[in-house]
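Hi,

Here is the structure I said I would pass on. Have a look at it first, and my notes on what turned up are underneath.

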Amino acid sequence: MNSSTIVSIPDGDGVVVPPQEEKKKPRISFPSISSFLGEKAPYDTKKVIHGIKVGISLVLVSLLYLIKPLYDQVGDNAMWAIMTVVVVYEFFAGATLCKGVNRGIGTTLGGGFGLATAFLAKEAGGMGHAIGVAVAVFVCGAVATYVRLLTSIKKTYDYGVMIFILTFNLVAVSGIRGETIVQLARERLMTIAMGFGVCIFTNLFIHPMWASDELHNSVASRFEALASSIDGCLEEYFKLSEEKENQTAGFNFSGCKSVLYSNAKDDLLEKFARWEPWHGKFGFSHPWDKYLDIGNALRDVAVTIFSMKGCLQSPRQPSSALKQSIRGQCEELGSTLASSMRELGDSIKTMRKCRAGFLIVTKLETKSEELNLLVSPSKLGELKNDEGLAIASLVFMLMDMVGQVEVLVKKVEELGNVANFDSK
């Protein structure tokens, strides 16, 4: 058995110092940045870059406070530049331009109308001054709020009208002394322009995030998502009962759901894309409305695919022998649908015209006619009611999908012609 001997060592005065137990220092471990990011993976780098850009913008406008010569020029109005950066700065360049221009127009018009109101009310003097300002505030506030609710205005100029109401009220109500309010409005407008200039500089020239790129890539990627869903649905439907029992989970419709809920996102991206300057392959007259049409057509396809969930989960399934008898034609048609979707998506992604649309349509019609001959009404009538209805539901959805893909072919061709896609 091992033993250890502790020896007491005397100090310089001959006094024996008793041995002391070694104190254990607490160790505090700080996770490294890389491990932290690894835990949060996949980490969205674009959001990190956006945060850095906002930080840079705030530092630049804060120099109006930090550097004394600049502060002497603008004074406390420098806070309006900081407020402009905080309020106007958005993730996409087009969104920043949209809010910045709206803020500029709203501030200018609101300030102008407010000054005019203050001067006219001042001429009345006394109680007429207060009554004139109150009437003007009521009329402009009510009219501007009504205009703000109009669909055409709300879609593009909602923020500008709101800033107009705010600026008009601030200027009109505080415009007791005309000379002071004019100088104050001029200084505030100048600092707001400085803040907007900083936003534009950092957003457009430091790793810009384009809403147009996001819309283009998002629409193109949905074709692949729906094509994979078509393949997955048919594969799941024709699985043997033994395979389904051993399977832990059924088919996932997450790809279809993401397409179904993409309407609001498309509308916002299309709105911001129209504000963005010429960059890459996207010019000022790029047909962004065509992307919305294609998105609507894709959602129609997604609805049909999602409806096939009823065929997969129905308790009244056709017999395995009946399923296998139509499996070949159904999978051929499904494969043709999926390959056509992938070809259309690749055409948009690469901005190259796909092969002639009539070739895709002809192939789809040929495969659908083959399936129609195999599953004719007379043959379905020979089956049991439940089995015939189940097979007819599947065939009907596939045929409906053929028509929807044909519509997509036409819309992608229109986009290619209007946007001048390159020919292969």
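**What I found**

Let's start with histidine 207, which is partly exposed because its relative accessibility is 45%, a value in between the 20% and 50% cut-offs. You'll find histidine 207 in the loop between α8 and α9 (211–237). What caught my eye is the backbone: phi of histidine 207 is near 40 degrees, so a positive value in a residue that isn't glycine. Most residues other than glycine have a negative phi.

Methionine 351 is another case, with a positive phi near 55 degrees. Methionine 351 is also in a loop, the one between α15 (320–350) and α16 (357–374). Is methionine 351 buried or exposed? With a relative accessibility of 8%, methionine 351 counts as buried, since anything under 20% does.

Now the overall picture. Keep in mind that this is a predicted model. The average pLDDT is 82, and 82% of the residues score at least 70. The part to be wary of is residues 1–43, where pLDDT stays under 50. For that stretch the model has 11 contacts beyond four places in sequence. Where pLDDT is low, the predicted coordinates should not be read in detail.

As for the fold, the protein has 18 helices and 2 strands. It runs to 424 residues, and 39% of them count as buried. If you take the contacts with a separation of 6 or more, 80% are between residues 24 or more positions apart.

You'll probably want the pocket next. How much space lies in the largest pocket? About 400 Å³. Its lining is made up of 25 residues, and Thr107, Thr167, Val171, Arg188 and Ile192 lie nearest the centre. The elements giving two or more residues to that lining are α4 (78–88), α5 (93–124), α7 (151–174) and α8 (178–205). By class, the lining of the largest pocket splits into 16 nonpolar, 6 polar and 3 charged residues.

There is also 1 cavity of 30 Å³ or more, and the volume of the largest cavity is about 40 Å³. Lining this largest cavity are Ala273, Arg274, Glu276, Pro277, His279, Phe282, Gly283, Phe284 and Trp288. That makes 5 nonpolar, 2 polar and 2 charged residues.

Two more residues to click on:

- **Threonine 96.** This one is in helix α5 and is buried, because its relative accessible area is 1%. Its side chain makes a polar contact of 2.5 Å with the side chain of asparagine 203. The side chain of threonine 96 also reaches the backbone nitrogen of glutamate 90, at 3.1 Å. Leaving out residues up to four places away in sequence, threonine 96 touches Val88, Tyr89, Glu90, Phe196, Cys199, Ile200 and Asn203.
- **Leucine 60.** This one is in helix α2 (residues 45–66) and counts as partly exposed, because its relative accessibility is 35%. Leaving out residues up to four places away in sequence, leucine 60 touches Val198 and Thr202. Between the C-alpha atoms of leucine 60 and alanine 81 there are 9.8 Å, with the two residues 21 apart along the chain.

That's what I have for now. Shout if anything is unclear.

Cheers

Definitions and conventions:
Residues are numbered from 1 along each chain as its sequence is written. Side-chain values use heavy atoms; hydrogens and water are left out. On a 1 Å grid over the protein atoms alone, a cavity is a set of points where a 1.4 Å probe fits but cannot get out, and a pocket is an open set with protein on both sides within 12 Å along at least five of seven lines; lining residues have an atom within 4 Å of a point. Grid points are joined across faces, edges and corners, and a volume is the space filled by probe spheres set on the points. Helices (H or I, at least four residues) and strands (E, at least two) are DSSP runs, numbered from the N terminus. Ala, Val, Leu, Ile, Met, Phe, Trp, Tyr, Cys and Pro count as nonpolar, Asp, Glu, Lys and Arg as charged, and the others, Gly among them, as polar. Buried means under 20% relative accessible area, exposed over 50%, partly exposed in between (1.4 Å probe, protein chains only). A polar contact is a pair of N or O atoms within 3.5 Å; within protein, one must be able to donate a hydrogen and the other to accept it, and residues adjacent in sequence count only if both atoms are side-chain atoms. Contact means heavy atoms within 4.5 Å. pLDDT is the predictor's confidence in each residue, from 0 to 100.
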